[in-house]
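Trainee: Please pick one residue of this model and take a close look at it. Then go on to its partners and the rest of the chain.

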Amino acid sequence: MAVAAGAAGLWSEVNRCGQNGDFVRALKSVNKILQINKDDVTALQCKVVCLIQNGNFKEALGVINTHTKVLTSDVIAFEKAYCEYRLNRIESALKTIQSASQQTDKLKELYGQVLYRLERYDDCLAAYRDLIRNSQDEYEEERKTNLSAVVAAQSTWEKVVPEDLGLREATYELCYNTACALIGQGKLNEAMKKLQKAEELCRQSLSEDSDVTEEDIEAELAIIHGQMAYIMQLQGHTEDALQLYNQIIKLKPTDVGLLAVIANNIITINKDQNVFDSKKKVKLTNAEGVEHKLSKKQLQAIEFNKALLAMYTNQADQCRKLSASLQSQSPEHLLPVLIQAAQLCREKQHAKAVGLLQDFAEQHPASAAEIKLTMAQLKIAQGSVTKACMILRSIEELQHKPGMVSALVTMYSHEEDIDSAIEVFTQAIQWYQQHQARTNHGCCVFQPKSAVHLSLIREAANFKLKHGRKKEAISDLEELWKQNPKDVHTLAQLISAYSLVDPEKAKVLSKHLPSSDTMSLKVDVDVLENSHGATYVRKKAGKLTGDNQQKEQGQGEVKKKKKKKKGKLPKNYDPKVTPDPERWLPMRERSYYRGRKKGKKKDQVGKGTQGSTTTGSSELDASRTASSPPTSPRPSSGAAVSATSNVIPPRHQKPAGAPATKKKQQQKKKKGAKGGW
């Protein structure tokens, strides 16, 4: 009785703590009950629930697996599946749910979540539709939100056009999911409007709660802003997108999946530039738990960008390691092989890169076209244009495409291989003729002589005419004329070609040309002359007409000689003074030129060996210097300057203080240089 009374008290404690949400104390009471009876099914169930509420999923799963005899799958299937789901054991959770004998609403809800994580979107959509149809409770809005998330995932990852589910976008979650579905369809402007509406609804709903701060609101809006930045990036507004991405990173959101996606998008914007920033951002993609937050395609894109970043940062071994790992995970994917080939090209191993691509094309024929296009590009980069043409012509599904024909003809023309270029045209035209013949016996897929077919024939004819192949061009032009006998341009080309080969035939065909009366254009000359574009031409023509009239009037008259204009005289010209007869000669060639007169200081510069002087001894004699007249006037004396040629006139002299000033400037420069040292 004492034991029973004690257990009853513990159960009441467990009940009270459970209602208050205090699962830590409830767990302690449950453990005491299990000490009394370790196989109590209710106590074990309560213990598992308490551990789940406290976030101890691994321990809860351990309790379930330890007491399998007591806790059968019928009793605790939901709790076991939920623990496995939270521990990211998704496949195990699916098996647990499917093995349950009774599918409760809780299990169906969890089943939908498991299918979403497994990316089985069709089954997930059906599960949520069944839940919404057969349940009515307070969680209906959440189920609709999950349903819209499934539709958005289908549109984004499987490129499925979503059906209109008729969901009312009353919450910001529903608006956000609708925007994601629109992005998957490529309707970026509509998606941006939905995201703006989602932001507005989010602010309204969170601002009603007084406990929510502005930082909490910004953290909740981070995922919406991240999607806005992604739309900006897709639209080419990379600067705005980059700014918004960096703002979200500064908020330090707790969602590691969001941070990984934003970091990856920044790396794609940086490309081969700003690699140091990209190396910092790539660390965010390696955070713990990222692989459980993102879809397989998102994780794959991140790994591709890691390999490309390793290539851009010259980490060849790391690039090869990552690309090889990606290839083992997705053997049929093109990108790992293309990254390996690009790395080999950076190492100047072009032949090895082409061999790698060739092997992949042989192993995966479905991707051979894309691989061969890359091989042709590598050959062109090496200068092997002819080999590149051979590779392109081996792509059977693209041989007849106008773009491929144009590229091949251009390349062969560059190599001056006109015969091969004409052969390309001929093969493409024959391909359309064969398909036209097939459609005549069965369902009409191609219209007889389609626009593409006729366009190729015309281009072939023009090409042959340009390169002097008149005879070969005639058959093409005749085919075009038969298709459209009213085509005057084609008829003119045909006559031109025949005129060099068969003039008689050209004369016969020329009879089919329309007369000049039928070709007259109904043009209103007055309207044409008064148009805006003819104003300038009319004014210019008027001037030319006036000149022509003057010329016509003076045709019979003798041409008059043009009068020479009088030259301008200088301002100081004096008609009384006879001009210098040698004024037209250069100064050095005039008879009175005496050479350039040098200053006194320059005459004293020594030009001999060190210590010698060019100055005469008479100039250094003090007795002669005292009696000789000064060579230049002193400022204080009014003596006249002698007329000898050795004396420098005052107007040619430098100011007295000029040398001293120069020395001062040199001293200042020296001081400045000294301070710089």
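Mentor: Start with W431, which is partly exposed at a relative accessible area of 22%. Buried here means under 20% relative accessible area, exposed means over 50%, and partly exposed lies in between, using a 1.4 Å probe and protein chains only. Y432 has a relative accessibility of 10%, so it counts as buried.

Before going on, note what kind of model this is. It is a predicted model, numbered from 1 along each chain as its sequence is written, in which local features need pLDDT of at least 70 and side-chain atom pairs count only at pLDDT 80 or more. Totals for chains, interfaces and linings use all residues, and side-chain values use heavy atoms, with hydrogens and water left out.

The protein has 677 residues, and 32% of them count as buried. Its accessible surface comes to about 45700 Å², with 52% of that belonging to carbon and sulfur atoms; such areas come from the Shrake-Rupley method with a 1.4 Å probe, and for residues only the protein chains shown count as cover. There are 33 helices and zero strands. Helices (H or I, at least four residues) and strands (E, at least two) are DSSP runs, numbered from the N terminus.

Now the rings. Five aromatic pairs turn up in a search of the whole structure. One of them is F57 with Y82, edge-to-face, at 6.1 Å from centre to centre and with 65° between the planes. This pair links distant parts of the chain: F57 is in helix α4 (residues 57–66) and Y82 in helix α5, 25 residues apart. F57 is buried at 12% relative accessibility, while Y82 is partly exposed at 23%. Back at the starting point, the ring centres of W431 and Y432 are 5.0 Å apart with their planes at 85°, so that pair is edge-to-face too. The rule is that rings of Phe, Tyr and Trp (its six-membered ring) pair if their centres lie within 6.5 Å; planes under 30 degrees apart count as stacked, over 60 as edge-to-face, and the rest as tilted. F57, F78 and Y82 form one aromatic cluster.

Next comes burial along one helix. In helix α6 (residues 90–99), the buried residues are I90, A93, L94, T96 and I97. They lie on the same side of α6, because they cover an arc of only 165° around the axis. That arc is taken from the directions from the helix axis to the C-beta atoms. The cover over these buried residues includes α5 (73–86) and α7.

Helix α7 returns in the salt bridges. The whole structure holds 18 of them, where a salt bridge is a side-chain nitrogen of Lys or Arg within 4 Å of a carboxyl oxygen of Asp or Glu. In one, R143 meets E109, with the closest N and O atoms 2.3 Å apart. R143 is in helix α9 (residues 140–157) and E109 in helix α7 (residues 105–117), 34 residues apart, so the pair links distant parts of the chain. R143 is buried at 5% relative accessibility, while E109 is partly exposed at 21%. R143 also forms a salt bridge with D137, at 2.7 Å from N to O. D137 is partly exposed, at 32%.

Another salt bridge joins D277 and K281, at 2.7 Å from N to O. These two are four residues apart in helix α15 (residues 275–281), which means that about one helical turn separates them. K281 is buried, with a relative accessible area of 12%. Elsewhere, E199, R203, E214 and E218 are joined into one network by salt bridges that share partners.

Contacts can be described in a similar way; contact means heavy atoms within 4.5 Å. S420 is in helix α23 (residues 418–439) and counts as buried at 13% relative accessibility. Leaving out residues up to four places away in sequence, S420 touches R393 and Y412. Among contacts in the protein between residues at least 6 apart in sequence, 47% join residues at least 24 apart.

Last, the record. An unreviewed UniProt entry lists residues 222–255 as "repeat: TPR". Its positions are given in the numbering used here, feature names are shortened, and annotations may be inferred rather than shown by experiment. In the model, the span 222–255 is 76% helix and 0% strand, and its end C-alpha atoms lie 10 Å apart.
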